[in-house]
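Let us work through a few exercises together, one step at a time. Have a look at the model first, then try each task before reading its solution.

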Amino acid sequence: METKKELTSLFSYLVSLVRNPVQEIKSLPSIHWKTLIIFQFCLCALSVVFSNLLAPYAISFTNIMIALVSSVLALSLSSLFFYYFFLILYNKEISFVKIFTLVLFSHIPFAIFHLASNIFPPADLVGLGISGILMIIGLVENFDIPKKLSIQLMLSLYSIFIIYWIVQMIAFREVHQMSLPQHLDAIEREVQNISN
């Protein structure tokens, strides 16, 4: 019963967050782990359904489970990074559940924009930029992290992501070019010449 109430409050918070993200991220809800994981499962399920509507592959339970596991893993690792970053470098212990909550809700703009990345690849950069701004506000308001430190940290992480994104786009373009029919024909001719 308590989980159901908490889930209802999380969805209410999500609606408020969508309406006014800057204000709402300043005061995170206090929720138990179990409810956060169930809520994340619901978000993943919605995300997989929407991404399958936009992309040419079928919705399956396997897709939902893979998305859930990878999402929980990614958000948990991100939360661990922030937890230990502040603990080790600044000797500041912050609540892991609360930092996980911040990462989860800050991640939502990125998840939404990522749905459009098949059509418009830079959508990932826009979504991550918005998520980064929410993380800065959330770190400052919920954990009393100095604003300058929060900005420097998120800009560093954003820069790393941009480099990764550029490398991924170049690699994707090369693979795509290599799979064009004229390239495959050239490779086949080379193989035949070598075998003769």
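Below are six exercises, each followed by a worked solution.

A note before starting: this is a predicted model, in which local features need pLDDT of at least 70 and side-chain atom pairs count only at pLDDT 80 or more, while totals for chains, interfaces and linings use all residues. Residues are numbered from 1 along each chain as its sequence is written, and side-chain values use heavy atoms, with hydrogens and water left out.

**Exercise 1. Describe the chain as a whole.**

Step 1: Begin with the secondary structure, where helices (H or I, at least four residues) and strands (E, at least two) are DSSP runs numbered from the N terminus. The chain has 8 helices and 0 strands, so read from the N terminus its elements run α-α-α-α-α-α-α-α.

Step 2: Turn to burial, with buried meaning under 20% relative accessible area, exposed over 50%, and partly exposed in between (1.4 Å probe, protein chains only). Of the 196 residues in the chain, 33% are buried.

Step 3: Add the surface, using accessible areas from the Shrake-Rupley method with a 1.4 Å probe, where for residues only the protein chains shown count as cover. The total is about 12,300 Å², and 68% of that belongs to carbon and sulfur atoms.

Step 4: Finish with contacts, meaning heavy atoms within 4.5 Å. Among contacts between residues at least 6 apart in sequence, 66% join residues at least 24 apart.

**Exercise 2. Compare the expected and modelled spans of α5 and α6, and find the bend in α5.**

Step 1: The expected span of a helix is 1.5 Å times one less than its number of residues. For the 19 residues of α5 this gives 27 Å, which agrees with the 26 Å between its end C-alpha atoms.

Step 2: For the 21 residues of α6 the expected span is 30 Å, and the end C-alpha atoms, 29 Å apart, agree with it.

Step 3: A bend at a residue is the angle between axes fitted to the seven residues ending there and the seven starting there. In α5 there is a bend of about 35° at Ile-108, with a proline, Pro-109, following within four residues.

**Exercise 3. Work out the surroundings of Leu-102.**

Step 1: Leu-102 lies in helix α5. Among the other buried residues of this helix are Ile-99, Phe-105 and Phe-110.

Step 2: Is Leu-102 buried or exposed? Its relative accessible area is 0%, so Leu-102 is buried.

Step 3: Setting aside neighbours within four places in sequence, Leu-102 is in contact with Ile-25, Leu-28, Leu-134, Met-135, Gly-138, Leu-139 and Phe-143.

Step 4: Leu-102 and Lys-26 are 76 residues apart in sequence, while their C-alpha atoms are 9.5 Å apart.

**Exercise 4. Find which residues Leu-14 and Ser-131 touch.**

Step 1: Leu-14 belongs to helix α1 (residues 2-19), and a relative accessibility of 15% makes it buried.

Step 2: Not counting residues up to four places away in sequence, Leu-14 touches Phe-39, Leu-43, Phe-105 and Ile-108.

Step 3: Ser-131 is part of helix α6 and is buried, at 6% relative accessibility.

Step 4: Leaving aside neighbours within four places, the contacts of Ser-131 are Ser-106, His-107, Pro-109 and Phe-110.

**Exercise 5. Locate the residues with positive phi that are not glycines.**

Step 1: One of them is Asn-91, with a phi of about 50°. Asn-91 sits in the loop between α4 and α5 (96-114) and counts as exposed, at 69% relative accessibility.

Step 2: Another is Asp-144, whose phi is near 55°. Asp-144 is in the loop between α6 (123-143) and α7 (147-178), and its relative accessible area of 62% makes it exposed.

**Exercise 6. Trace the nonpolar surface patch.**

Step 1: Patches are made of residues with over 30% relative accessible area and no salt bridge, joining like charges within 9 Å and nonpolar side chains (Val, Leu, Ile, Met, Phe, Trp, Tyr) within 5 Å. A salt bridge is a side-chain nitrogen of Lys or Arg within 4 Å of a carboxyl oxygen of Asp or Glu.

Step 2: Leu-73, Leu-77, Leu-80, Tyr-84, Ile-88, Leu-89 and Tyr-90 make a nonpolar patch of about 730 Å². Leu-73 is in helix α4 (residues 61-90).

Step 3: Leu-80 is also placed in α4 and is partly exposed, at 33% relative accessibility. Leu-80 and Ile-99 are 19 residues apart in sequence and 8.6 Å apart in space, C-alpha to C-alpha.
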